Amino acid sequence: MSFDPTSFMNKEKAQDIQSQMADAQEKLTAITVEGQAGAAEHTVKISLNGRYEATKVVIDPSLLQQPIEVVSELIASAITDAAHKAETAIQTEMMKMFQGI
């Protein structure tokens, strides 16, 4: 026997919450953030959506002359920056969506 948290609320409220959750998933996918790493014109930029999926990667061509370790570190830093920004954006959006529940 499994526990159903909606069994404690009326059916209408449960359907409303399910609808809000579906809307939340759509809105999270629409969130886009950009993380970056590097200095001045030597940058790496990574865009993530609210599901932490990479949607765009931009590597300054001049970086391709650098050792691969440097480029790898910049990519990792840009991903981390984007992930932190995505987490903040997701938390903000979720608080807005569910403050009335």
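These are my notebook entries on a helix, a sheet and a few side chains in a predicted model.

**Entry 1: the sheet**

I started with the strands. Which order do they take? I find an open sheet of three strands, ordered β1-β2-β3, with antiparallel pairing. The edge strands are β1 and β3 (54-59), since each of these pairs on one side only. From one strand to the next the twist averages 10 degrees.

Then I looked at how β2 and β3 go together. I count five bridges between β2 and β3, in the antiparallel sense. For a landmark I noted K45, which stands opposite V58 in β3.

**Entry 2: helix α2**

Next I checked the length of α2, residues 68-98. Does its span agree with or depart from what 31 residues at 1.5 Å each should give? The expected span is 45 Å and the end C-alpha atoms sit 44 Å apart, so the two agree.

I then asked where α2 goes relative to the sheet. Helix α2 lies across β1, β2 and β3, and I get an angle of about 145 degrees between α2 and β1.

Which residues of α2 are buried? My list reads V71, L74, A78, A82, A86, I90, E93, M97 and F98. I followed the buried residues of α2 outward and found them packing against α1 (11-30), β1 (32-39) and β2 (42-49).

I kept the helix rule in the margin: an α-helix has 3.6 residues a turn, so residues three or four places apart point the same way.

**Entry 3: salt bridges**

How many salt bridges does the model hold? The count comes to two.

One joins the side chains of D81 and K85, at 3.3 Å from N to O. D81 and K85 are four residues apart in helix α2, so about one helical turn separates them. I looked up exposure for both partners. D81 has a relative accessible area of 23%, so I filed D81 as partly exposed. K85 comes out at 36%, so K85 is partly exposed as well.

The other joins the side chains of K96 and E93, at 3.6 Å from N to O. K96 and E93 are three residues apart in α2, so again the separation is about one helical turn. Is E93 buried or exposed? E93 has a relative accessible area of 17%, and buried means under 20%, so E93 counts as buried. I had already met E93 on the list of buried α2 residues.

My margin note on charge: side chains of opposite charge can pair when their charged atoms come close.

**Entry 4: T43 in β2**

I went back to the sheet for T43, which has its place in strand β2. Its relative accessibility is 12%, so T43 counts as buried. What does T43 touch, not counting residues up to four places away in sequence? I wrote down A37, G38, V58, I59, D60 and L63. V58 is familiar as the residue that K45 stands opposite.

**Entry 5: N49 in β2**

Last stop was N49, also listed in strand β2. At 6% relative accessibility, N49 counts as buried. Where does the side chain of N49 reach? I traced it to the backbone nitrogen of R51, at 2.8 Å.

I then looked up the contacts of N49, leaving aside neighbours within four places in sequence: L28, T29, I31, T32, T55 and A86. A86 ties this entry back to α2, where A86 is among the buried residues.

Terms used: Residues are numbered from 1 along each chain as its sequence is written. This is a predicted model: local features need pLDDT of at least 70, side-chain atom pairs count only at pLDDT 80 or more; totals for chains, interfaces and linings use all residues. Side-chain values use heavy atoms; hydrogens and water are left out. Helices (H or I, at least four residues) and strands (E, at least two) are DSSP runs, numbered from the N terminus. The expected span of a helix is 1.5 Å times one less than its number of residues. Buried means under 20% relative accessible area, exposed over 50%, partly exposed in between (1.4 Å probe, protein chains only). Contact means heavy atoms within 4.5 Å. Two strands pair if DSSP finds at least two bridges between them. Axes are lines fitted to C-alpha atoms, for helices over the stretch in contact, and angles run from 0 to 180 degrees between N-to-C directions. A salt bridge is a side-chain nitrogen of Lys or Arg within 4 Å of a carboxyl oxygen of Asp or Glu. A polar contact is a pair of N or O atoms within 3.5 Å; within protein, one must be able to donate a hydrogen and the other to accept it, and residues adjacent in sequence count only if both atoms are side-chain atoms.
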